[in-house]
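Q: Please take a close look at a single part of this model, its main nonpolar core. Describe what builds it and what surrounds it.

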Amino acid sequence: MQKSRHDLWVGLFVLLGAAAMLFMALKAGNLLSVSFEETYQVHANFDNIGGLKPRAAVKSAGVVVGRVEAIRFDTKTYQAVVDLEVQKRYTFPKDSSAKILTAGLLGEQYIGLEPGAEEKELVAGDLIRQTQSAVVLESLISQFLYNKAAEGGSSEPRK
Amino acid sequence: MSTRRLALTVGAGVRRLLENLGYGARFLLGLLMASLRALRRPWLIVEQVHFLGNHSLAIILVSGLFVGFVLGLQGYYTLQRYGSAEALGLLVALSLVRELGPVVTALLFAGRAGTSLTAEIGLMKSGEQLAAMELMAVDPVQRVLAPRFIGGMIAMPILGAVFSAIGIIGGWLVGVVLIGVDPGAFWSQMQGGVDVLRDVGYGGIKSVIFALTVTFIALMQGHECQPTPEGVAHATTRTVVMSALTVLGLDFVLTALMFSI
């Protein structure tokens, strides 16, 4: 095959491109945190998931133990069904509870798993019974205003 | 009478448009077929990658660095109002990887490499070199156009990746080194928000599509130009204008398709 006098420089150029791709995948992206670990799936029903999205983190004591796989709406119970993929090496008691929490004041939402006390452990396909919905800012504010109004009303006749 | 003339003008215009579209599609198909055959002469492709890629590296590196600088400054200015300057890394990385990397690289590539392709082939045509090749039973599409096409398709995605990477470094220089955003938060926010497949991968696909578009437009303009000095000049101008408009329009469609969910 014919040689080209540019082979060396083109080789360096291609290498530079590969380095740039690698930089973006490892330093900017999250390729290292994409785990190929085996997981088991559990479900949880929530009255309101707020802004939870698929691929959101599932954390326990602040450590990422899994990811949200899918979110569906159940037309029988009118609740949101969230499928959680939890890594196989982490096991939780059967009566663990799931909460939807927010990172920071306006940050992204994640699921916090709090372990219960039961001996039996969660296995694939189980349902987490105790759940706590996302805090919706609007309802929180309206509740606060309602309480304020109630306080104001009750304080008047006491005079 | 005047309605008749209007109908004739509109009809001729539509017909010319359709003809051009059909010819362009046929040209692209022929170019793709010829590219498969041109793979047998890889040294010709290497020459073109060197010419289109290595020589464009300087402008890509400098532009990428400065786009990163500006993103760092402007992003910090807006984000610090909301007390979330740590998200600067995410903002810089996402805007570069998803949009600015592929698009600005395509525009620069059209200006730096596309014009030289058009002018080169246009001059070869006006010097009757292409006709001479055909007389010698050498297919000019396979021998001249196809290696340039493949070369552009290889060089531009690499340039796009280099642009995004150097831009992120530029954003880091301004954000972390100059302004003093916390480096840990800068990188961890970036890694938390940038998805390798959905962001970096789709950006790469965009780069490949833009490479095909820009290289194809440049080659076709060169091949179809009037073989006169004015013709080559017009073709070179059209390459830049058409490439820029097509890339920007296509970018909107691709973004809507890829990131709308």
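**The largest nonpolar core**

A: In this predicted model, the largest nonpolar core has 73 residues, and those that touch the most other members are B:A93, B:M156, B:V162, B:V214 and B:L219. Two or more residues each come from α1 of chain A and, in chain B, from α1, α2, α3 (57-79), α4, α6, α7 (183-193) and α8 (196-224). The largest share, 19 residues, is that of α6(B).

B:M156 shows some of the contacts involved. Apart from its neighbours within four places in sequence, B:M156 is in contact with B:T105, B:A106 and B:F109, and also with B:S207, B:F210, B:A211 and B:V214. In soluble globular proteins, nonpolar side chains tend to be buried together.

Helix α2 of chain B, residues 42-52, also gives residues to this core. In this helix 8 of 11 residues are buried, namely B:L44, B:I45, B:V46, B:Q48, B:V49, B:H50, B:F51 and B:L52. Their cover includes α1 (2-38), α4 (88-126) and α6 (140-179) of chain B, together with α1 (7-28) of chain A.

The two chains also meet in a contact that takes 22 residues from chain A and 24 residues from chain B. On the chain A side, 13 of these residues are nonpolar, 7 polar and 2 charged.

A second, separate core of 20 residues includes A:A44, A:A56, A:V58 and A:I128.

Technical notes. Residues are numbered from 1 along each chain as its sequence is written. Chains are lettered from A and ligands numbered from 1 in the order in which they are written. This is a predicted model: local features need pLDDT of at least 70, side-chain atom pairs count only at pLDDT 80 or more; totals for chains, interfaces and linings use all residues. Two residues are in contact if their C-beta atoms, placed from the backbone, lie within 7 Å. Ala, Val, Leu, Ile, Met, Phe, Trp, Tyr, Cys and Pro count as nonpolar, Asp, Glu, Lys and Arg as charged, and the others, Gly among them, as polar. A residue is buried if 20 or more other C-beta atoms lie within 10 Å of its own, exposed if 12 or fewer, and partly exposed in between; C-beta atoms are placed from the backbone. Helices (H or I, at least four residues) and strands (E, at least two) are DSSP runs, numbered from the N terminus. A nonpolar core is a set of buried Ala, Val, Leu, Ile, Met, Phe, Trp, Tyr and Cys residues joined through C-beta atoms within 7 Å.
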